[in-house]
Amino acid sequence: MNHVPEVSASALSVEGAWQMVREQYTTTTPGTSLERPKNEYIYKIGIYGWRKRCLYLFVLLLLIILVVNFSLTIWILKVMWFSPTGMGHLRVTKEGLRLEGESEFLFPLYAKEIHSRVDSSLLLQSTHNVTVNARNSNGEVTGRLNVGPKMVEFHGQQFQINSMDGKALFTVDENEIVIGTDKLRVTGPEGALFEHSVETPLVKAEAFKQLRLESPTRSLSMDAPRGINIKAQAGNIEALSQMDIKLHSSDGVLLLDAETVRLPKLPEGTRGGSGISQGLYEICVCPDGKLYLSVAGVGSTCQEFSRVCQ
């Protein structure tokens, strides 16, 4: 009776696995013609050679630049006095910017309000001029104050100076100049020069000083609807003219009210033949109104056809 060997499934599976491994990984022994497979492509990972040196040099250069920038930043912060509240003498407050000490502005400064501290004054100084402009909503200049080395200029519709209580002391516009003070005092040695008319209720000199009204090349006219009063309480009143001085009254009379009336430079007429003058003279009137002196006598010595009246 033939016996058939029994082979289990596990044994077959082990044999098949070993066969597969042996076929996949075949090792050659000396004398065999089988060759091992060669690695045709080999890749190296990383940077080598001059590229690696350039990368290290670039990283070193970046580190140097970073250190220099950081040092410059620290130096600028120290020099400019940067702080959490401002920069140097410039402080940022709730009310705005506060600047202490002297400051120099190289370009225009735009601000709504500029004022000094309570215990100091505000000084604006420039080597050329100081210009203050006021603009409207469209950016147009509506007022300008220019303080230059030789003059102070103001451009605007009206210029006004007020007192502490708001009273207008001096107002200027295109039509007129208004002085709101109780007294205008001119202390110059040449007085005040007016090219046109002046309207005022009173012209008065300083105490113990002379008042002089003069027109060097033209006439001087004083007009008042209710009269002109010229008074010198402690001195003389002189009216000097190279030509004529006329006193004219259309409806009234010419009144000379004084203890003594003198006409020292009246011409002397022809001497009369009657009587002795004893140093007395008679005032005669020509037909044209001219006055002259005539030696007084017992009767009138005035002659109708005197040479003075011719």
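Here are three short exercises on a predicted model, each with a worked solution.

**Exercise 1. The sheet**

Task: State the order of the three strands in the open sheet, and find the edge strands.

Solution:
- Start with the order. The strands run S8-S9-S10 across the open sheet.
- Next, the direction. The pairing is antiparallel.
- Now the edges. Strand S8 (159-162) and strand S10 (177-179) each pair on one side only.
- Last, the twist. From one strand to the next, it averages 10 degrees.

**Exercise 2. Thr-171**

Task: Locate Thr-171, and decide whether Thr-171 is buried or exposed.

Solution:
- Find the strand. Thr-171 lies in S9, which spans residues 168-172.
- Look across to the partner. S9 and S10 pair over three bridges in the antiparallel sense, and Thr-171 stands opposite Val-178 in S10.
- List the contacts. Leaving out residues up to four places away in sequence, Thr-171 touches Gln-158, Phe-159, Gln-160, Glu-176, Ile-177 and Val-178.
- Check the area. The relative accessible area of Thr-171 is 12%. Buried means under 20%, so Thr-171 is buried.

**Exercise 3. The aromatic pair**

Task: Classify the aromatic pair formed by Phe-154 and Phe-159, and judge the exposure of each ring's residue.

Solution:
- Count first. The structure holds one aromatic pair.
- Take the distance. The centres of Phe-154 and Phe-159 are 5.1 Å apart, and the limit is within 6.5 Å.
- Take the angle. The planes stand at 55 degrees. Stacked needs under 30 degrees and edge-to-face over 60, so this pair is tilted.
- Check exposure. Phe-154 has 35% relative accessible area, and Phe-159 has 31%. Partly exposed lies between 20% and 50%, so Phe-154 is partly exposed, and so is Phe-159.

Definitions and conventions. Residues are numbered from 1 along each chain as its sequence is written. This is a predicted model: local features need pLDDT of at least 70, side-chain atom pairs count only at pLDDT 80 or more; totals for chains, interfaces and linings use all residues. Side-chain values use heavy atoms; hydrogens and water are left out. Two strands pair if DSSP finds at least two bridges between them. Helices (H or I, at least four residues) and strands (E, at least two) are DSSP runs, numbered from the N terminus. Axes are lines fitted to C-alpha atoms, for helices over the stretch in contact, and angles run from 0 to 180 degrees between N-to-C directions. Rings of Phe, Tyr and Trp (its six-membered ring) pair if their centres lie within 6.5 Å; planes under 30 degrees apart count as stacked, over 60 as edge-to-face and the rest as tilted. Buried means under 20% relative accessible area, exposed over 50%, partly exposed in between (1.4 Å probe, protein chains only). Contact means heavy atoms within 4.5 Å.
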